[in-house]
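Reader: I should like to go through this structure with you. Could we take the overall fold, the pocket and a few individual residues in turn?

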Amino acid sequence: MSCLLKPLQIGSLTLHNRLVMPPMATSKADADGQVSADILNYYREKSAGGHIGLIIIEHSFIQQAGKAHDNQLSIADDSVIEKLRELSDIIHQNGSKSVMQINHAGSGTEEKVTGSVPVGPSAIANPRKGAVPRELTKHELADIVAAFAAAARRVKLAGFDGVEIHSAHGYFLNQFLSPLTNQRSDEYGGSIHNRIRLHLEVIAAVRAAVGDEFPVLLRIGASDFTAGGTTIEDSQIAAQQFEKAGICIIDISGGFNGFSIPGDNSQGYFAPLAEAIKKVVAIPVLLTGGITEAQAAEQLLAAGKADLIGVARAILKDSGWAQRAVEFLSKK
């Protein structure tokens, strides 16, 4: 049997194959963040046939101050639950599992989007966006932790199969992870253990909100690929602590480099990061990054680089990609 088609049991979440559609921002939500007809049609088309084992819904803001861009999905209040339930129902009816990614943009946003000054761990310009945020107080950090927990509760109420915490691509939690933007002198800054303290508080709060059986994933910007930034050694330590805290899948991506590595167009370019994380944790590791061919995905799995393969841009461009990939691999 093909590795890509091998059944995988993760807590209460059963993936009938190892193919994942990772989150991709569509900017198709209504202006207030509500699920739109365009969003429903988009995910209906992508999930048709149930050929994708798991679909991770695009990052959704947990509070207005954390909104990354216009027409981003909201998970910030209870009014969104009803329409989100329509979205999860469509994906389930088509035969796939669904997880929703929750996020706070921190300094990765603009005042014209949120209506307030961007915030972050330290008053240091965001390397991707350029904005200099206001440094958050400990009391404000506690409020954001609570907002993550409330968002996760809504994800569960909306009928999704799990929730993913976003700590990549230079957004809020990634800003705490990275020394490039976290230069705090309190217990949230300095060593890698301090820089993930807020992550662990978020994980604990989310786990308390959704219970022990609901899958909680975490996307990590495993390297900034920049001098002085997050290293893979940092992320190995972080991943081990996240596993102990109750995370059940680690989703590997980039940090302040975003979802690409300049100058590297190979399929599975984050494979060295995923492989390094896989060596130190027992939970499944999800690999994304420039994968466009089913054979390449299969080879990465067979080589033990990861447990799950995320295909984003290829599925974005071609909704029939997953079906052809599954059919191709089933004939091997």
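Author: The following conversation concerns a predicted model of a protein chain.

Reader: How many helices and strands does the protein chain have?

Author: The secondary structure of the protein chain consists of twelve helices and twelve strands.

Reader: What is the radius of gyration, and what would a compact globule have?

Author: The protein chain has a radius of gyration of 18 Å. A compact globule with 332 residues would be near 20 Å, so the value agrees with that expectation.

Reader: And what box do the C-alpha atoms fill?

Author: Along the principal axes, the C-alpha atoms of the protein chain fill a box of roughly 55 × 40 × 35 Å.

Reader: What share of the residues counts as buried, and what area is exposed?

Author: Of the 332 residues, 58% count as buried. The protein chain exposes about 12,400 Å², and carbon and sulfur atoms supply 50% of that area.

Reader: What about contacts across the sequence: what percentage join residues at least 24 apart?

Author: Taking contacts between residues at least 6 apart in sequence, 70% join residues at least 24 apart.

Reader: Let us turn to the pocket. What volume does the largest pocket have?

Author: The largest pocket has a volume of about 620 Å³. It is lined by 35 residues, and the closest to its centre are P23, M24, H169, F259 and R313.

Reader: Which elements give two or more residues to the lining of the largest pocket?

Author: These are β4, residues 54-61, and α11, residues 313-317. Of the elements, α11 gives the most to the lining, with four residues.

Reader: How do the residues of the lining divide by character: nonpolar, polar and charged?

Author: The lining of the largest pocket has 14 nonpolar residues, 15 polar residues and six charged residues.

Reader: You listed H169 by the pocket centre. Where is H169 found, and is H169 buried or exposed?

Author: H169 is found in the loop between β8 (162-167) and α5 (172-177). H169 is buried, because its relative accessible area is 9%, under the 20% cut-off. Its backbone deserves attention as well: H169 has a positive phi of about 60° although it is not a glycine.

Reader: What phi does S27 have?

Author: S27 also has a positive phi, of about 55°, and S27 is not a glycine. S27 lies in the loop between β3 (19-21) and α1 (37-47). With a relative accessible area of 38%, S27 is partly exposed.

Reader: Now for L217. What place does L217 have, and what is its relative accessible area?

Author: L217 is in strand β9, which covers residues 216-221. L217 is buried, with a relative accessible area of 0%.

Reader: Which residues is L217 in contact with, leaving aside its neighbours within four places in sequence?

Author: L217 is in contact with L54, I56, V99, V163, E164, I165, I247 and I249. As for E243, which is 26 residues from L217 along the chain, the two C-alpha atoms are separated by 9.8 Å.

Reader: And G108: where is its place, and is G108 buried or exposed?

Author: G108 is in the loop between β5 (97-103) and α3 (111-114). G108 counts as buried because its relative accessibility is 2%, again under the 20% cut-off.

Reader: What is G108 in contact with, neighbours within four places in sequence left aside?

Author: G108 is in contact with A68, N126, K129, Y171 and Q175. In addition, the C-alpha atoms of G108 and A131 are separated by 7.4 Å, with their positions 23 residues apart along the chain.

Reader: Changing topic, where is D212 in the chain, and how far is D212 from P133 in space?

Author: D212 is in the loop between α7 (197-210) and β9. D212 and P133 are 79 residues apart in sequence and 35 Å apart in space, C-alpha to C-alpha. At 68% relative accessibility, D212 counts as exposed, since the cut-off for that class is over 50%.

Reader: Finally, G49: in which loop is G49 found, and is G49 buried or exposed?

Author: G49 is found in the loop between α1 and β4. G49 counts as exposed, at 53% relative accessibility. Between G49 and K138 there are 47 Å in space, C-alpha to C-alpha, and the two are 89 residues apart in sequence.

Definitions and conventions
Residues are numbered from 1 along each chain as its sequence is written. This is a predicted model: local features need pLDDT of at least 70, side-chain atom pairs count only at pLDDT 80 or more; totals for chains, interfaces and linings use all residues. Side-chain values use heavy atoms; hydrogens and water are left out. On a 1 Å grid over the protein atoms alone, a cavity is a set of points where a 1.4 Å probe fits but cannot get out, and a pocket is an open set with protein on both sides within 12 Å along at least five of seven lines; lining residues have an atom within 4 Å of a point. Grid points are joined across faces, edges and corners, and a volume is the space filled by probe spheres set on the points. Ala, Val, Leu, Ile, Met, Phe, Trp, Tyr, Cys and Pro count as nonpolar, Asp, Glu, Lys and Arg as charged, and the others, Gly among them, as polar. The radius of gyration is taken over C-alpha atoms; the globule rule is 2.2 Å times the number of residues to the power 0.38. Buried means under 20% relative accessible area, exposed over 50%, partly exposed in between (1.4 Å probe, protein chains only). Contact means heavy atoms within 4.5 Å. Accessible areas come from the Shrake-Rupley method with a 1.4 Å probe; for residues, only the protein chains shown count as cover.
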